[in-house]
Amino acid sequence: RTWRRMRPGGGNAKGSSAERAVARMLSQWWYGSPNYLWRRPGSGFRARMPQRHTGDIVPIADSKLPKPWPFHVQVKHWSRSHVKLDTLFTCNNCHPIASVWTKEDEERRRDLKLMLLIKIDRVGLLCFMRSVDMEFFDGSVTHIRLYIDGELIIGLDWRVVARFFWQEEK
């Protein structure tokens, strides 16, 4: 297989297309329709809206939602070489996930649960959340445990999170 370097600026297109796909997926999962959430087009955009949400994926309009959107979602699309899952076990706080988590935790609205979704090439979608926000999770499936700034962060395959949350919300 021949590897080509990505053209300059190509990573932005890859990231925004991943965010659009995740917005549709999350909207379908939480609301049963792909039309309630969207990818925030840029920082500061929609800043004048009342009840402004933080994160990459935000509600189209708070007043029209069937139920509240309780998450601050950050989406990353990384190559497997960038993630280096084996280093998670030796250096939690120096891993790229830790730096993204810390930054997003500072920027999120305090009443929203932080959800970090990382699409990894040829692996799938991983979801990282605080263990206290995953009170439904009993540890019965394979998961990643990170300690970032003294807090336990759980990483799971997205499909597992969706199944657990779906059962919890019904």
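**Figure 1. Overview of the predicted protein chain and its confidence.** The protein chain averages a pLDDT of 77, and 72% of the residues score at least 70, in what is a predicted model. The secondary structure comes to four helices and seven strands, and these follow one another along the sequence in the pattern α-β-β-β-α-α-β-β-β-β-α. Of the 170 residues in the protein chain, 44% are buried, while the accessible surface comes to about 9,900 Å², with 52% of that surface belonging to carbon and sulfur atoms. Among the contacts between residues at least 6 apart in sequence, 53% join residues at least 24 apart.

**Figure 2. Close-up of two segments with low confidence.** Over residues 9-14 the pLDDT stays under 50, and the model has four contacts beyond four places in sequence for this segment. Over residues 43-51 the pLDDT likewise stays under 50, and here the model has 13 contacts beyond four places in sequence. Where pLDDT is low, the predicted coordinates should not be read in detail.

**Figure 3. Close-up of the largest nonpolar core.** This core has 30 residues, and those that touch the most other members are Leu-26, Met-115 and Trp-158. The elements that give two or more residues to this core are helix H1 (10-31), strand E3 (71-78), strand E4 (113-120), strand E5 (124-130), strand E7 (151-157) and helix H4 (158-169). Apart from this core lies another one, of 15 residues, among them Ile-97, Val-100, Leu-116 and Phe-128. In the largest core, Leu-26 can be taken as an example: leaving aside residues up to four places away in sequence, Leu-26 touches Tyr-31, Leu-37, Ile-57, Trp-69, Val-73, Met-115, Leu-117 and Trp-158.

**Figure 4. Close-up of strand E4 and the strands that pair with it.** Six of the eight residues of E4 are buried, so this strand is largely enclosed by the rest of the structure. With E3, strand E4 pairs in the parallel sense over eight bridges, and Lys-113 in E4 is the bridge partner of Phe-71. With E5, strand E4 pairs in the antiparallel sense over six bridges, and Leu-126 in E5 is the bridge partner of Ile-118. Three residues stand between the strands in the hairpin of E4 and E5, where Arg-122 takes a positive phi near 60 degrees. As a guide to reading a view of this kind, in a regular strand the side chains alternate between the two faces of the sheet.

**Figure 5. Close-up of Arg-39 in strand E1.** Arg-39 is found in strand E1, which covers residues 37-39. With a relative accessible area of 23%, Arg-39 counts as partly exposed, because a residue is called buried under 20% and exposed over 50%. Not counting residues up to four places away in sequence, Arg-39 touches Ser-16, Glu-19, Arg-20, Ala-23, Asp-56 and Ile-57. With one of these residues, Glu-19, the side chain of Arg-39 is joined by a polar contact of 2.7 Å. The C-alpha atoms of Arg-39 and Val-58 are separated by 6.5 Å, although these two residues are 19 residues apart along the chain.

**Figure 6. Close-up of Ser-33 in the loop between H1 and E1.** Ser-33 has its place in the loop between H1 and E1. Its relative accessibility is 17%, and Ser-33 therefore counts as buried. Once residues up to four places away in sequence are left out, Ser-33 touches Ser-27 and Gln-28.

**Figure 7. Close-up of Arg-130 in strand E5.** Arg-130, which is found in strand E5, is buried, with a relative accessible area of 7%. Not counting residues up to four places away in sequence, Arg-130 touches Trp-101, Asp-105, Arg-108, Leu-114, Glu-151, Leu-152 and Ile-153.

**Figure 8. Close-up of Phe-136 in the loop between E5 and E6.** Phe-136 lies in the loop between E5 and strand E6 (144-148), and with a relative accessible area of 11% Phe-136 is buried. Phe-136 and Val-161 are 25 residues apart in sequence, and from C-alpha to C-alpha they are 9.5 Å apart in space.

How values were computed:
Residues are numbered from 1 along each chain as its sequence is written. This is a predicted model: local features need pLDDT of at least 70, side-chain atom pairs count only at pLDDT 80 or more; totals for chains, interfaces and linings use all residues. Side-chain values use heavy atoms; hydrogens and water are left out. A nonpolar core is a set of buried Ala, Val, Leu, Ile, Met, Phe, Trp, Tyr and Cys residues joined through side-chain atoms within 4.5 Å. Buried means under 20% relative accessible area, exposed over 50%, partly exposed in between (1.4 Å probe, protein chains only). Contact means heavy atoms within 4.5 Å. Two strands pair if DSSP finds at least two bridges between them. Accessible areas come from the Shrake-Rupley method with a 1.4 Å probe; for residues, only the protein chains shown count as cover. A polar contact is a pair of N or O atoms within 3.5 Å; within protein, one must be able to donate a hydrogen and the other to accept it, and residues adjacent in sequence count only if both atoms are side-chain atoms. pLDDT is the predictor's confidence in each residue, from 0 to 100.
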